[in-house]
Amino acid sequence: MDQRPRSSVTQCGNQENNMNAEFLRATALATFVAFSASAALADTATFTSAPLTGCPNCTATDSSGLVVSALGHLLPNGWDVRTGNGGLYFANRTGGVFTIPASNFPGKSFDLTGLKLFAYGATSMSMPVTFTLYAYHFGIPTADTVQVTVNSQATQDVTLSDPRLRNIDTLIIRYDPLQVRYVYFIETRFTPH
């Protein structure tokens, strides 16, 4: 049986309650800060307001910090690499290179977490088309290869969780011109480091 006076037991209980309340507040704050920090790191590149420069070695920098470069060709209706309201447009029969310059983020590595795209296939019918993602990591001269297959003629939203697409410094996206006439990258979702 507790031999302490009732007032000291109550006082200890109040101190314990106060400590529990402080612990809960600190835990809630830490959770909020951790969630906010992780949410703040994720970003989405749309390239809708990113001017294209330097063509035929076309380059555009999205406001998120993601940079794309691609070899363009001047056609009667303009360049086959474009940025605009629909997003990032490739009809150059190859694709492009995505990076984050060190001036935008220290270390300039990122995780690719998703793509929202519209691919117009070689025929007017919907059919599966494949994009090959070459993910380069710091200090490793060879790329990890990840293939993403989507249906053409429809907007596709692809969540990517492949560990080979984590902590990359350069991403090259290629497609087969016999499968794809053109593609709009509406969103490129990534987490910079």
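In this predicted model, the structure holds 10 aromatic pairs. A good one to look at is formed by tyrosine 89 and tyrosine 184, whose ring centres lie 5.0 Å apart with the planes at 50°, so the pair is tilted. These two tyrosines come from distant parts of the chain: tyrosine 89 belongs to strand β7 (residues 87–90) and tyrosine 184 to strand β14, 95 residues apart. The partners also differ in how they are covered. Tyrosine 89 is buried, with a relative accessible area of 11%, whereas tyrosine 184 has 27% and counts as partly exposed, because the buried class ends at 20%.

The two strands are linked by a further aromatic pair. Phenylalanine 90 and phenylalanine 185 have ring centres 5.7 Å apart, and their planes meet at 75°, so this pair is edge-to-face. Phenylalanine 90 sits in strand β7 and phenylalanine 185 in strand β14, which means that the pair ties together parts 95 residues apart in sequence. Here both rings are hidden: phenylalanine 90 is buried with a relative accessible area of 0%, and phenylalanine 185 is buried with 1%. Both phenylalanines belong to one aromatic cluster, made up of Phe47, Phe90, Phe98, Phe131, Tyr175 and Phe185.

Charged side chains come next. Side chains of opposite charge can pair when their charged atoms come close. The count comes to three salt bridges. In one of them, arginine 189 meets aspartate 157, with the closest N and O atoms 2.8 Å apart. This bridge, too, spans distant parts of the chain, since arginine 189 is in strand β14 (residues 180–192) and aspartate 157 is in strand β12 (residues 155–159), 32 residues apart. Arginine 189 also forms a salt bridge with glutamate 187, where the closest N and O atoms are 3.2 Å apart. Through shared partners, Asp157, Glu187 and Arg189 are joined into one network. Within this network, arginine 189 is buried, with a relative accessible area of 17%, while glutamate 187 counts as partly exposed at 23%. A further salt bridge brings together the side chains of aspartate 162 and arginine 164, at 2.7 Å from N to O; arginine 164 is partly exposed, with a relative accessible area of 36%.

What does the wider fold look like? The protein has one helix and 14 strands. Six of these strands form an open sheet with antiparallel pairing, in the order β2-β3-β8-β13-β10-β11. At its edges stand β2 (57–61) and β11 (144–151); each has a single partner strand, so one side of each is left without a neighbour in the sheet. On average, neighbouring strands of this sheet are turned by 20° against each other, direction ignored. One pairing within the sheet can be followed residue by residue: β8 (residues 95–99) and β13 (residues 170–175) run antiparallel and share five bridges. In this pairing, glycine 96 has isoleucine 173 of β13 as its bridge partner.

Some totals complete the picture. Of the 193 residues of the protein, 34% count as buried. Among contacts between residues at least 6 apart in sequence, 67% join residues at least 24 apart. The exposed area of the protein is about 10,900 Å², and carbon and sulfur atoms supply 58% of it.

Definitions and conventions
Residues numbered from 1 in each chain as written. Predicted model: local features only at pLDDT ≥ 70, side-chain atom pairs only at ≥ 80, totals over all residues. Heavy atoms only, no water. Helix = DSSP H or I, 4+ residues; strand = E, 2+ residues; numbered from the N terminus. Buried < 20%, exposed > 50% of the residue type's maximum accessible area, 1.4 Å probe, protein only. Contact = heavy atoms within 4.5 Å. Areas by Shrake-Rupley, 256 points an atom, 1.4 Å probe, with all protein chains shown as cover. Pairing = 2+ DSSP bridges. Axes fitted to C-alpha atoms, helices over the stretch in contact; angles between N-to-C directions. Salt bridge = Lys/Arg side-chain N within 4 Å of Asp/Glu carboxyl O. Phe/Tyr/Trp six-rings, centres within 6.5 Å; stacked < 30°, edge-to-face > 60°.
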